[in-house]
Amino acid sequence: MKKQSGQGIIEYALILAMVAGIGLCLYSSNGQGGLAESIRSVFNQTAELLGKESLSVAQSSSEIIERLHDGRFGKLTDLLGDPQQKGQEIEISSDSEKGREIARKLNIQTKDGDGWYVKIHPNGHYVVTYYSAVDNKGTTFDQLKAAYNRNSGYYYNKDGEKNSRYPHTIYVDEGNYDPQGNGKTYFKTTGHVGPSADGTGMSIYPGRW
């Protein structure tokens with residue numbers, strides 16, 4: 001009951017802020033053409049905040065994987081693409097500008113030292129990979145990226161055979177989904193480190209290769 005009451009107070013405060021914002025727009029626009037756009041902006045920002053407040057905070061790996069699944073297949077954000085559209089390969093990391101925007105919209109709070117990737121394959125196959133420092137002997141997500149940038153060959157041998165291309169494995173949690181959003185979640189499964197889809201940095205992905 002307290003949680004519902006608290007959420008109601010927050011929503012009421014946001015609505016009051018919206019009304020105040022509209023009043024400010026009316027006052028500052030002085031009847032000029034930017035009024036409609038200003039009011040529309042206030043409504044959009046308020047709707048986004050209300051939507052965020054309706055989502056509980058996702059903090060654990062299982063919660064974050066589920067939220068990133070719902071973000072795409074439940075259409076909670078268009079930043080994760082349209083499941084009906086195929087043909088593009090998209091990769092997003094939690095520490096990228098787009099990843100931070102997704103986390104903000106979906107109320108995701110990644111633990112310090114952890115990180116995640118989402119990868120959308122051209123056929124619509126969708127994979128969420130969560131990296132936990134605790135499961136990897138305390139090595140943080142940032143430390144892993146720094147180590148890869150210093151010596152990528154330790155993690156990825158582009159000339160190696162399939163079973164030796166990724167000589168160093170990590171542990172990850174994984175959400176693996178078909179184009180319709182059906183799939184499974186796996187915890188502390190083997191993963192590997194390699195180049196990002198655009199070749200400019202690191203990526204992590206489930207599986208030995």
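In this predicted model, the buried residues of helix α5 pack against five strands, namely β1 (90-93), β2 (115-120), β3 (126-131), β5 (183-195) and β6 (202-206). The buried set within α5, which spans residues 141-150, consists of Phe141, Leu144, Lys145, Ala147 and Tyr148. These residues lie on the same side of α5, because they cover an arc of only 160° around the axis. An α-helix has 3.6 residues a turn, so residues three or four places apart point the same way. The face of α5 that is turned away from this buried side carries Asp142, Asn149 and Arg150, which are exposed.

The strands belong to an open sheet of six, arranged in the order β1-β2-β3-β4-β5-β6 with antiparallel pairing. Strands β1 and β6 form the edges, each of them pairing on one side only, and the twist from one strand to the next averages 30°. Within the sheet, the antiparallel strands β2 and β3 are joined by six bridges, and Gly115 stands opposite Tyr131 of β3.

Two helices that pack on this sheet are set out below, with the strands they touch and the angle between directions.

| Helix | Strands touched | Angle between directions |
|---|---|---|
| α4 | β1 and β2 | about 75° with β1 |
| α5 | β1, β2, β3, β5 and β6 | about 115° with β6 |

The interior can also be described through its nonpolar cores. The largest nonpolar core holds 19 residues, of which Leu68, Leu80, Ile102, Ile108, Trp116, Val118 and Tyr126 touch the most other members. At least two residues of this core are supplied by each of α3 (61-73), α4 (97-106), β2 and β3, and α3 gives the largest share, with four residues.

Which residues does Tyr126 touch, not counting residues up to four places away in sequence? The contacts of Tyr126 comprise Leu68, His69, Arg72, Phe73, Leu80, Val118, Lys119, Ile120, Gly175, Asn176 and Tyr177. Among these partners, Leu68, Leu80 and Val118 are themselves listed with Tyr126 as core residues that touch the most other members.

A second core, separate from the largest, is made up of twelve residues, including Tyr117, Tyr131, Tyr155 and Val193. Tyr131 of β3, which stands opposite Gly115, is thus named as a member of this second core.

Key: Residues are numbered from 1 along each chain as its sequence is written. This is a predicted model: local features need pLDDT of at least 70, side-chain atom pairs count only at pLDDT 80 or more; totals for chains, interfaces and linings use all residues. Side-chain values use heavy atoms; hydrogens and water are left out. Buried means under 20% relative accessible area, exposed over 50%, partly exposed in between (1.4 Å probe, protein chains only). The arc is that of the directions from the helix axis to the C-beta atoms. Contact means heavy atoms within 4.5 Å. A nonpolar core is a set of buried Ala, Val, Leu, Ile, Met, Phe, Trp, Tyr and Cys residues joined through side-chain atoms within 4.5 Å. Two strands pair if DSSP finds at least two bridges between them. Axes are lines fitted to C-alpha atoms, for helices over the stretch in contact, and angles run from 0 to 180 degrees between N-to-C directions.
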